[in-house]
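Open your viewer and get ready to click along. We will go from stop to stop, selecting something at each and seeing what is there.

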Amino acid sequence: EKLYFDVLAYYEKTEGRNSLRYAMTSTSLADLYQRMRLFARASDLYEDAMPVLKKELGEQSPTYIDASRTLANIYLLQGNYAPAEAPYLKAKAFYQSALGTKSERYLGVLADLGLLYTYSGQWSKAATIYHEKVALQLEQVRNLFPLLSEKEKTDFYALTRSQFNTY
């Protein structure tokens with residue numbers, strides 16, 4: 001944490017608080033806070049960094065999209081559901097367009113949206129998202145499972161069993 005503060009102080013002095021390096025370092029510190037479950041600190045840092053990332057990288061930048069999704073994850077963990085939906089939907093559209101529906105990021109944002117809708121009591125939206133996610137995962141299983149060894153199949157099943165039982 002102290003190293004982040006030192007780097008932030010240096011960038012603030014040399015480039016200013018509105019520089020891309022300052023914003024990127026702030027999001028890295030926010031990621032640390034998120035892992036430490038210090039969500040209020042993490043969301044404050046992300047909220048300060050987002051306008052700089054938007055200005056310097058643009059709203060269609062993968063870095064900006066990922067940062068928006070991370071901020072939405074923090075909101076979700078805080079129980080602050082309303083501001084989480086728009087960044088998730090934007091990330092979903094971006095990942096679908098840029099990476100396709102079979103990408104891990106697309107599947108991940110579907111899981112995020114499913115949780116958001118579940119926690120906020122929007123059951124029909126949650127069900128729609130979960131059905132899409134499970135269908136895509138089953139397609140991946142059908143395509144890849146025959147190529148796996150028995151040990152890989154067992155490992156895969158152990159890893160995904162809880163997800164499939166949830167959905």
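Here is a walk through the model, from the whole chain to single residues and pairs.

**Stop 1: the whole chain**

Before zooming in, keep in mind that this is a predicted model. Show the protein chain as a cartoon and you will find eight helices and zero strands. Read from the N terminus, the order of elements is α-α-α-α-α-α-α-α. The C-alpha atoms fill a box of roughly 55 × 35 × 30 Å along the principal axes. How much of the chain is buried? Of the 167 residues, 38% are buried.

**Stop 2: helix 3 and helix 4**

Select helix 3 (39-57) and helix 4 (residues 62-78). Turn the view until you can look along both. Their axes come within 10 Å and cross at roughly 155°. At that angle, helix 3 is roughly antiparallel to helix 4, because angles over 145 degrees count as such. The crossing of this pair is left-handed.

**Stop 3: helix 5 and helix 6**

Now select residues 85-98 for helix 5 and residues 104-119 for helix 6. These two pack with their axes 9 Å apart, at an angle of about 155°. Helix 5 and helix 6 are therefore roughly antiparallel to each other. As you rotate, note that helix 5 passes helix 6 in a left-handed crossing.

Stay on helix 6 and pick leucine 113, which is found there. Is leucine 113 buried or exposed? Its relative accessible area is 0%, so leucine 113 is buried. Next, add lysine 133 and draw a distance between the two C-alpha atoms: they are separated by 10 Å, with these positions 20 residues apart along the chain.

**Stop 4: salt bridges between distant parts of the sequence**

How many salt bridges does a search of the whole structure find? The search gives 13. Let us visit several of them.

Show the side chains of arginine 41 and glutamate 1. They form a salt bridge, with the closest N and O atoms 3.7 Å apart. Arginine 41 belongs to helix 3 and glutamate 1 to the segment before helix 1 (2-14), so this pair ties together parts that are 40 residues apart in sequence. Both partners are partly exposed: arginine 41 has a relative accessibility of 45%, and glutamate 1 has 40%.

Move on to aspartate 66 and arginine 105. Their side chains meet in a salt bridge at 3.0 Å, N to O. What does this pair tie together? Aspartate 66 lies in helix 4 and arginine 105 in helix 6, so the link joins parts that are 39 residues apart in sequence. Aspartate 66 is partly exposed at 22% relative accessible area, and arginine 105 is partly exposed at 39%.

**Stop 5: a neighbouring pair and a network**

Select lysine 55 and glutamate 56. This pair also forms a salt bridge, and here the closest N and O atoms are 3.9 Å apart. Lysine 55 is exposed, with a relative accessible area of 68%, whereas glutamate 56 is partly exposed at 41%.

Then select Lys54, Glu59 and Lys90 together. These three residues are linked in a network of salt bridges.

**Stop 6: a nonpolar patch**

Switch to a surface view and colour Leu20, Met24 and Leu57. They form a nonpolar patch on the surface, with about 200 Å² of accessible area together. Where does methionine 24 sit? Methionine 24 is in helix 2 (residues 20-35). It is partly exposed, at a relative accessible area of 32%. Why can methionine 24 belong to such a patch? Patch members need over 30% relative accessible area, and methionine 24 has 32%, so it passes that cut-off.

**Stop 7: an uncommon backbone angle**

For the last stop, follow the chain out of helix 2 and select arginine 37, in the loop between helix 2 and helix 3. Most residues other than glycine have a negative phi. Arginine 37, however, has a positive phi of about 65° although it is not a glycine. Its side chain is worth displaying as well: arginine 37 counts as exposed, at 59% relative accessibility.

Notes
Residues are numbered from 1 along each chain as its sequence is written. This is a predicted model: local features need pLDDT of at least 70, side-chain atom pairs count only at pLDDT 80 or more; totals for chains, interfaces and linings use all residues. Side-chain values use heavy atoms; hydrogens and water are left out. Patches are made of residues with over 30% relative accessible area and no salt bridge: like charges are joined within 9 Å, nonpolar side chains (Val, Leu, Ile, Met, Phe, Trp, Tyr) within 5 Å. Accessible areas come from the Shrake-Rupley method with a 1.4 Å probe; for residues, only the protein chains shown count as cover. A salt bridge is a side-chain nitrogen of Lys or Arg within 4 Å of a carboxyl oxygen of Asp or Glu. Helices (H or I, at least four residues) and strands (E, at least two) are DSSP runs, numbered from the N terminus. Buried means under 20% relative accessible area, exposed over 50%, partly exposed in between (1.4 Å probe, protein chains only). Axes are lines fitted to C-alpha atoms, for helices over the stretch in contact, and angles run from 0 to 180 degrees between N-to-C directions. Angles under 35 degrees count as roughly parallel, over 145 as roughly antiparallel, 65 to 115 as roughly perpendicular and the rest as oblique. A crossing is left-handed if the near helix is turned anticlockwise from the far one by less than a right angle, and right-handed if clockwise.
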